[in-house]
Amino acid sequence: MSANAYIAADSGTGETFVLNLGPQHPATHGVLRVKLTMDGEYIRRAEPVCGYIHRMHEKMGENRTWAQFLPNTSRIDYLSAMAYTQAYVARVERAARLAVPPRAEYIRVITCELNRISSHLVWFGAFLLDLGGFTPLLYAFDDREKILDLLEAITGSRLTYCYYRFGGLCNDVDKDFIEGSRAFVAHMRPRLELYRKLVTDNIILRKRLEGIGPISAQMCRRYGATGPVIRGSGVAYDVRKVEPYSAYPEFDFDIPVFKEGDCMARYLVRMEEIRQSLRIVEQALDRLPEGPVMAEKVPRTLKIPPGDYCFAVEAARGRFAVRLVSDGTDTPYRVKLRTPSFSNLSLFEEASRDMMLPDALALMGSLDLVIPDIDR
Amino acid sequence: MSLAEPIRLLLFLAGILGFVALNAAYLVWVERKGAGRFQRRPGPTEVGYAGLLQPLADGLKLLSKQLIVPPGADGVLFRLAPLMVMAPAMMCLAVIPFSETLVARDLNVGLVMVFAFGSINVLALLLGGWASRNKYAIISAARVVSQDVAYEIPMLLAVITVMMVTGTLNLGEIVQQQEGGCWRWNLFRLEANPLMPVTFLIFYICMLAETNRAPFDMAEAESELVAGAFTEYAGMGFGVFFMAEYANIAVGCCLAAVLFLGGWQSPIGVFPGLFWFLLKVYLLVFSVIWVRWTFPRTQFYGLLNLSWKILIPLSLFTLVLTSAAMKVW
């Protein structure tokens, strides 16, 4: 609160005007529109207007087969596609009683965590861009490029991966991928140290983030905010730990938690998460079991027994959950997607009240919003 | 050289125009190239050798674009603003001594004139922001005014400190007093004021703020205000604003070199004065570019706090210290 202490929130004139932040604005990183009621540079009310990139993913799920919906999942949050695909695939597998071979689970963990690192790197660059620092973006993209190259080699795509299949993976990883991942882990650790020296310890950055945009654990719970947002508010909520799935229970990793709840805490959570993801990748590579990557006897047309199924994973932005309702046919009766960005955005209105415009944009950046993830 | 006065003035006019144009164009190139190097990429390479013709290509592109005046905007003020930001920068250069003999007008009140014209810059940005009839531009205009008012004060206090040490407002004389090696530069005249390097630092920070450079680029703040005061400007209207930014940086760095780094005085006695002057100026310009690509932007109120709570008291303190030192010795 220290940095904010000398601005009285009620020091405005009482005269307000409406400022349209977006749908085309450099700071919203997409087509999000926020209707700001401003008093000078103070925000009195921020009203997010969603729907500019609504693509009806949930409706699309209702008129295509279980397998045909698979590519859709990677297009919801394009930066964290692996985790989204995993949630859908894992739930369908469980409902259809398909046993996934351990090697496939391990590779899922590796690719998910690499994807998480690349997502956090994009956020790191974009967030600094919001704060007016252009250079870190290019450093972060340089590192991210290495991950994209690795994932491209095994999945064939660079962003919207469709690598997981019901029962396993579409193809096995090769030696190049394993060696490349090891090299990346070795490369990334000193880079994090470089980022700390270059960015985290910068006095201007600290002044801009410390005490800015405080979000309490209570507020996170009320709005259902998850991921680095709630972990930056002192709650150790991570689906990988509280509802373990895939091969995560077999690895030793920590959930970084910072209790301050300000932008700096969320920043530090994500930077620490990159480190933890590197740990997971390293362990998974060391213990990667041999064997097939695809379950035997996966039926060509999958039919899920009637029922209501739900499954959650920890995506890069928080808890992503799918709810699948099946009526026993080869298409889902209903697909409901619970996306973290939507919940994280919903607290923006309350959290940004009486903040100044640049601080509110720092807050918005620290929520790490991906707009297609909000609109779906 | 005994040229007739009108011819001399015309030559200087052409020289200053050329200097400003060359700087405005090629500092953009230096900035892009420098930014590229800081970010581990090559920067412009396509147009000409090492992208050297890039500024020309950019200029042509901007010239060929339509000048759009937004409906409802004040057309006259809107068109006037880019001129008013460019012209003062050229005026300032009239009194800057490039070398012992190379100065357009050796005014006795040169320093005052530089500041008088330097302040018009604010007005131009205010006009541009106000006349655009755009909310982002108006916020930016309000920011520019409070920022430049806040930073003019410590800057002037730092300059007054120098003025008290040198006892003159004539820029040529200020440089002459710094003759004879680095330690004679105002920057290192610790016997007059032990805090002289701090004064230089204050001047440098204020110069960054006055020219709206990162980390104090509140007027443009692209992630907050889209393009601030320039949001509605298209084509060459934007281009002139853009070039004026670099012209102002050049003026600021010239002034810093004259006031603190001995102007055209050579530290080792070889090469002509012009060489040393330009070397100092461009080293300063490079540092300005370096700062921009290294630091994130400050908060707006953080910026004002820095000025009112740190820079102004500090510069007042150095001023008092200087006067005390003058009394003692």
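**Entry 1: where the chains meet**

I looked up the interface first and found 27 residues of chain A in contact with 23 residues of chain B. I note that the model is predicted. I then asked which elements of chain A supply at least two residues each to the side that touches chain B. They are strand S1 (17-21), helix H4 (102-130), helix H5 (135-155), helix H7 (203-209) and helix H14 (357-366). By class, I have 16 nonpolar, 5 polar and 6 charged residues on that side of chain A.

**Entry 2: the sheet of chain A**

Since S1 of chain A is on the interface list, I looked up its sheet. I found an open sheet of 3 strands in chain A, ordered S1-S2-S3, with antiparallel pairing. S1 and strand S3 (42-49) of chain A are the edge strands; each has a single partner strand, so one side of each is left without a neighbour in the sheet. Direction ignored, I read an average turn of 25° between neighbouring strands of this sheet.

I went on to one pair. S1(A) and strand S2 (residues 33-39) of chain A are joined over 5 bridges in the antiparallel sense. I also checked what stands opposite Leu21(A), and it is Val34(A) in S2(A).

**Entry 3: H5 and H6 of chain A**

H5 of chain A is also on the interface list, and I looked up how it packs within its own chain. H5(A) and helix H6 (residues 175-200) of chain A have axes 11 Å apart and pack at an angle of about 170°. Angles over 145 degrees count as roughly antiparallel, so H5(A) is roughly antiparallel to H6(A). I have their crossing down as left-handed.

For the contact I listed residues from both helices. H5(A) brings Pro136(A), Asp143(A), Lys146(A), Ile147(A), Leu150(A), Ala153(A) and Ile154(A). Among the residues of H6(A) are Phe177(A), Phe184(A), His187(A), Met188(A) and Arg191(A). I count this contact by class as 9 nonpolar, 3 polar and 4 charged residues.

**Entry 4: H3 and H10 of chain B**

In chain B I looked up helix H3 (residues 75-93) and helix H10 (residues 235-260), whose axes come within 8 Å and cross at roughly 25°. That angle makes H3(B) roughly parallel to H10(B). I noted a left-handed crossing here.

From H3(B) I listed Pro82(B), Val85(B), Met86(B), Ala89(B), Cys92(B) and Leu93(B). H10(B) contributes residues including Val240(B), Phe241(B), Met243(B), Asn248(B) and Val251(B). By class, I have 12 nonpolar and 2 polar residues in the contact of H3(B) with H10(B), and no charged residues.

Terms used: Residues numbered from 1 in each chain as written. Chains lettered and ligands numbered in written order. Predicted model: local features only at pLDDT ≥ 70, side-chain atom pairs only at ≥ 80, totals over all residues. Contact = placed C-beta atoms within 7 Å. Helix = DSSP H or I, 4+ residues; strand = E, 2+ residues; numbered from the N terminus. Nonpolar A, V, L, I, M, F, W, Y, C, P; charged D, E, K, R; others polar. Axes fitted to C-alpha atoms, helices over the stretch in contact; angles between N-to-C directions. Parallel < 35°, antiparallel > 145°, perpendicular 65-115°, else oblique. Left-handed = near helix turned anticlockwise from the far one by under 90°. Pairing = 2+ DSSP bridges.
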